[in-house]
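Please look at the sequence and the structure shown here before reading on. The report then goes through selected parts in turn.

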Amino acid sequence: MDPASTVVRPDVAAEHAAAVEERHRLTAFGGLAALSLDAMASVAYGPESIVLVLAAAGSYGLGFTLPVTVAIAVLLAVLVASYRQVIAAFPDGGGAYAVAKAQLGRRTALVAAASLVVDYVLNVAVSVTAGVAALTSAFPELYGHRVWLCLGVLAVVTAVNLRGIAESARWFMAPTAVFVGSILAVIVIGLFRDAPAATAAAGHASALAGSASTVGALLLLRAFAAGCSALTGVEAIANAVPSFRAPRVRRAQHTEMALGGLLGVVLIGLAVLIGRFHLHPVEGVTVLAQLADASLGHGFGFYVVQFATVVLLALAANTSFGGLPVLLHLLARDNHLPHLFALRADRQVHRYGVLFLALVSALLLVGSGGDVNSLVPLFAIGVFVGFTICQVGMVRHWLRRGERARAALNGFGALLTGVAMLVVTGSKFTEGAWGICLALPLLVLLFEAVRRAYARLGERLEQGRVPAAVARQRSLVLVPVHSITRLTRDALCAAVSLGDEVRAVTVVPAHPDPEDREAIEALRRDWELWRPGVPLIELTDPHRRLGRPLAAHVNALAAEHAYDRLTVLVPEVEPPHWWLRLLQNQRGAVIARALRRHTDAVVCRLRMRM
């Protein structure tokens, strides 16, 4: 066999690598499973939020459930149409951030990015706590362990996402399909019933106010804003376009349309059933549970719906793990976050973004004590800020292209989401919304601070300029030594290769005791016998320090201006096992830290592997 025939051609290898990489991206159905969990899970609390607000006006107020839901569905259609265009116009992802950056300027884009970061983090916390709350409602003995349960669910979702977004889609397809199928079954069967099959609210106290004959505009606005919590997650697909398989834009658009159509049908269907069965809020029983009981009866189907809701609520955090790492990648690419967030591991995983989201969410879960009620009031504000900015940006996008009809559509959407944002913020301000109003500008200031730091670094590195001609520089390399070993020899060999002049440096006590004096004499004697061709310089220190006297010596050499570059080569042993590091004296780390803190010398740490 010809050996040349076994050589892999570079173009074939590249094609194979690209095919493997593509397999770790999302299909349209996989994208629906991985990125729609937040939006689909919101049907568990979106309709209930409307009912809770309208119940303040009694039975007459509940009659407006369907009109308010239709208005939300209209806004949903506008948002889906808008984000479908966002996907085509900004295929690198980023959603509201990318739109605002291109159309409204950098500062507005940072506000949009900050709102999305807040929304994604809160989505994880709300989803996990809501799922665990549903679980502890069924098993009250677990209530005291809800924080640990929340952290356990978060750990599972994080571990799955560290294996890749396509992997997470495969894991979450079944729960998504079961939940959607069960909710559609509730709607279809309920539409054919003349009366409820069962009443889950029996024996529970009603939360319905006394009868009323009028419903004010403010109440309707509050109901509309509360119900808009069902729209959270609509933007996630536009934020994660790079995660889809080719053709990415078309797959992402199909996924966005499928999500919008499915969510709209479910919301309107549930609203119709609420009016059909004359349901009202009761303490201890969710509206969705009442609907499942009325349509399917209090049997196997009812428990399937409840269990599917628990699982999907807990896993809805996966939407954030699909969207936020891509957003952090874009922010890092634009120098608004540390560049490590722009790194991408195998399986298309933005590992640092995933770990950052998990860490911040864990802190939020521990801080809230696993209480969903302390987090829900903050949930929808961030996403409405992003919605509004995105819509305004698309208005400007269409006006620049002369397409006034599309601009009018996005302008109408911006008006609706802007009103919802103001109403939600105003009504929830004392319940914690003030924290979001404070967090957004603080995040923007953080982004700006990181950008300024990178700008200063780029200026020092002269990025974007043609550097001066390459020229030989006179350099001195210092090698700290303590004894003569193979490590000392390897360090001096490397130093001779690096610099024009090499000196070995050792620090000795100013007032040595007999033991110290004996060690100093032994080193001098052995150095003379060895004759490495490198002079040994002795530095004295009265306090038996290592780093400070060496740093002072380096600064004295720098003041002489005899060398263009000063380099300190610190030799160290790298043990074969991590636990052997506990046996090391850390002398090299102490020296390197002092030199970096007190000198401008180049510090190199030469590690010899054992």
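The sections below describe a sheet, the helices that pack on it, and some helices from earlier in the chain. The model is predicted.

## The sheet

Five strands, paired in the parallel sense, build an open sheet, and their order across it is 3-2-1-4-5. Strand 3 (536-541) and strand 5 are the edge strands; each has a single partner strand, so one side of each lacks a neighbour in the sheet. From one strand to the next the twist averages 30°.

## Strand 4 and its neighbours

Strand 4 covers residues 565-574, and seven of its 10 residues are buried. Strand 4 pairs with strand 1 (residues 475-480) over four bridges in the parallel sense. With strand 5 (residues 602-609), strand 4 also pairs in the parallel sense, over eight bridges.

Val 568 can be used to trace these pairings. Leu 478 stands opposite Val 568, and Val 568 also stands opposite Val 603 in strand 5. Further along, Glu 574 stands opposite Arg 609 in strand 5.

## Helices beside the sheet

Helix 21 (residues 486-498) packs on the sheet and touches strand 1, strand 2 (501-509), strand 4 and strand 5. The direction of helix 21 makes about 150° with that of strand 4. Helix 22 (residues 514-530) packs on the sheet as well, where it touches strand 2 and strand 3. Its direction makes about 160° with that of strand 2.

What handedness does the β-α-β unit of strand 4, helix 24 and strand 5 have? This unit, in which helix 24 spans residues 587-598, is right-handed.

## Helices 13 and 14

Helix 13 (residues 248-276) and helix 14 (residues 287-296) have axes that come within 11 Å and cross at roughly 70°. Helix 13 is therefore roughly perpendicular to helix 14, as angles from 65 to 115 degrees count as such.

On the helix 13 side of the contact are Leu 270, Leu 273 and Ile 274. They meet Val 287, Leu 288, Leu 291 and Ser 295 in helix 14.

## Helix 15

Helix 15 (residues 300-315) allows a simple check of length. Its 16 residues, at 1.5 Å a residue, should span 22 Å, and the end C-alpha atoms are 23 Å apart, which agrees.

Which residues of helix 15 are buried? They are Phe 302, Val 305, Ala 308, Thr 309, Val 310, Leu 312, Leu 313, Ala 314 and Leu 315. An α-helix has 3.6 residues a turn, so residues three or four places apart point the same way.

Terms used: Residues numbered from 1 in each chain as written. Predicted model: local features only at pLDDT ≥ 70, side-chain atom pairs only at ≥ 80, totals over all residues. Heavy atoms only, no water. Buried < 20%, exposed > 50% of the residue type's maximum accessible area, 1.4 Å probe, protein only. Helix = DSSP H or I, 4+ residues; strand = E, 2+ residues; numbered from the N terminus. Pairing = 2+ DSSP bridges. Right-handed = clockwise from strand over helix to strand, strands pointing away. Axes fitted to C-alpha atoms, helices over the stretch in contact; angles between N-to-C directions. Contact = heavy atoms within 4.5 Å. Expected span 1.5 Å × (residues − 1). Parallel < 35°, antiparallel > 145°, perpendicular 65-115°, else oblique.
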